[in-house]
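Me: I should like to go through the terms used to describe this structure and see what each one rests on. Please set the values against the definitions as we proceed.

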Amino acid sequence: GRAVGMAYAGLVPVPEIQFRKYADPATEQINNCGTVRWRTAGKFAAPMVVRIPGGFRKVGDPWHSVTSEITYAHAVGWKLAVPSNAEDTVGLLRTAMRGHDPVIFFEHRAMLDAGWARRPYPGDGYMLPFGKAKFITTGDDLTVVTWGAMVERCELAAKNINANIEIIDLRTLVPWDKEAVLNSVRKTSKVIIVHEDIGFGGFGAEIAAAITSEAFMDLDGPVERVTAPSVLVPYSQTLMAGVVPTVERIQRKIEELLAF
């Protein structure tokens with residue numbers, strides 16, 4: 001609430017909400033900030049960057065391990081970043097802080113100390129545009145669309161398969177790089193969407209709908225998803241492996257679709 005007031009006053013605050021689930025009490029303030037342009041006929045804006053860590057880590061629970069990025073994809077007026085590594089985080093955070101829109105900046109807990117996510121510092125002027133995906137690998141056998149901590153797992157799964165897998169890291173969900181995804185699907189004819197959030201009503205469904213609407217005739221198989229079921233992330237790592245998509249589960253789905 002204080003940060004929204006600071007944004008109204010002309011500052012660019014960067015509040016940090018300790019974990020994803022703790023952001024829920026700020027729902028009304030977030031809504032007010034995102035809709036201020038519409039409510040004032042464009043006379044006022046309130047740019048701010050809300051940093052929220054979340055997602056699975058060494059242990060899980062209903063407060064710290066939540067992703068639920070679809071909640072913020074539905075927050076009208078907000079942009080949404082979900083970087084998978086330190087370099088992209090730097091570039092997107094700098095762009096967000098220099099922009100004119102409020103941004104939800106989701107920082108995955110596993111990324112904060114994961115060796116895979118470490119990158120050399122890209123420099124003080126490094127910026128990345130929102131809505132521009134990154135191709136982790138290129139190929140023409142199958143497309144994998146993913147973001148956040150699932151990028152590493154998709155890369156590990158693809159390395160175990162004798163096929164040319166194209167992995168797309170969206171990096172931002174609002175806006176998302178629909179053009180890159182559609183062009184890849186038109187090339188490979190098969191696609192799997194992988195995300196950590198619950199599959200029911202998740203952002204992967206939006207991507208799947210766009211693919212079936214605009215690239216249906218290019219498909220040689222069903223649009224598949226690997227997601228979490230509609231349950232909370234368990235505290236136990238053994239149980240967590242049954243909820244959060246694993247490398248093995250991603251690999252199995254890729255192999256099934258390749259053989260379709």
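**Terms and their grounds**

Reply: Lys 253 has its place in helix α10, which covers residues 247-258. The model is a predicted one.

Me: Which residues is Lys 253 in contact with, leaving aside its neighbours within four places in sequence?

Reply: They are Ile 192, Glu 224, Arg 225 and Val 226. Contact here requires heavy atoms within 4.5 Å. The C-alpha atoms of Lys 253 and Ala 157 are 9.8 Å apart, with their positions 96 residues apart along the chain.

Me: Which strands of the sheet are called edge strands, and what makes them so?

Reply: The open sheet has 5 strands in the order β4-β6-β5-β8-β9, and its pairing is mixed. β4 (134-137) and β9 (224-228) are the edge strands, as each pairs on one side only. On average, neighbouring strands of this sheet are turned by 25° against each other, direction ignored.

Me: How do you know that β5 and β6 count as paired?

Reply: Pairing requires at least two bridges between the strands. Strand β5 (residues 142-146) and strand β6 (residues 165-169) run parallel and are joined by 5 bridges, so the pairing criterion is met. Val 144 stands opposite Ile 167 in β6.

Helix α6 (residues 150-159) packs on this sheet and touches β4, β5, β6 and β8 (191-198). The direction of α6 makes about 175° with that of β6. Angles over 145 degrees count as roughly antiparallel.

Me: Why are α7 and α8 called oblique to each other?

Reply: The axes of helix α7 (residues 178-188) and helix α8 (residues 203-214) come within 10 Å and cross at roughly 55°. Roughly parallel requires an angle under 35 degrees, and roughly perpendicular begins at 65. The crossing of α7 and α8 is therefore oblique. It is also right-handed.

Me: What makes up the contact of α7 with α8?

Reply: α7 contributes Lys 178, Val 181, Leu 182, Val 185 and Arg 186, while α8 contributes Ile 207, Ala 210, Ile 211 and Glu 214. These residues divide into 6 nonpolar, no polar and 3 charged.

Me: Why is the protein chain said to be as compact as a globular protein of its length?

Reply: The protein chain has 10 helices and 9 strands. Its radius of gyration is 18 Å, and the globule rule gives 18 Å for 260 residues; the two values are close, so the chain is as compact as a globular protein of that length. The C-alpha trace spans about 60 × 40 × 35 Å along its principal axes.

Key. Residues are numbered from 1 along each chain as its sequence is written. This is a predicted model: local features need pLDDT of at least 70, side-chain atom pairs count only at pLDDT 80 or more; totals for chains, interfaces and linings use all residues. Side-chain values use heavy atoms; hydrogens and water are left out. Axes are lines fitted to C-alpha atoms, for helices over the stretch in contact, and angles run from 0 to 180 degrees between N-to-C directions. Helices (H or I, at least four residues) and strands (E, at least two) are DSSP runs, numbered from the N terminus. Angles under 35 degrees count as roughly parallel, over 145 as roughly antiparallel, 65 to 115 as roughly perpendicular and the rest as oblique. A crossing is left-handed if the near helix is turned anticlockwise from the far one by less than a right angle, and right-handed if clockwise. Ala, Val, Leu, Ile, Met, Phe, Trp, Tyr, Cys and Pro count as nonpolar, Asp, Glu, Lys and Arg as charged, and the others, Gly among them, as polar. The radius of gyration is taken over C-alpha atoms; the globule rule is 2.2 Å times the number of residues to the power 0.38.
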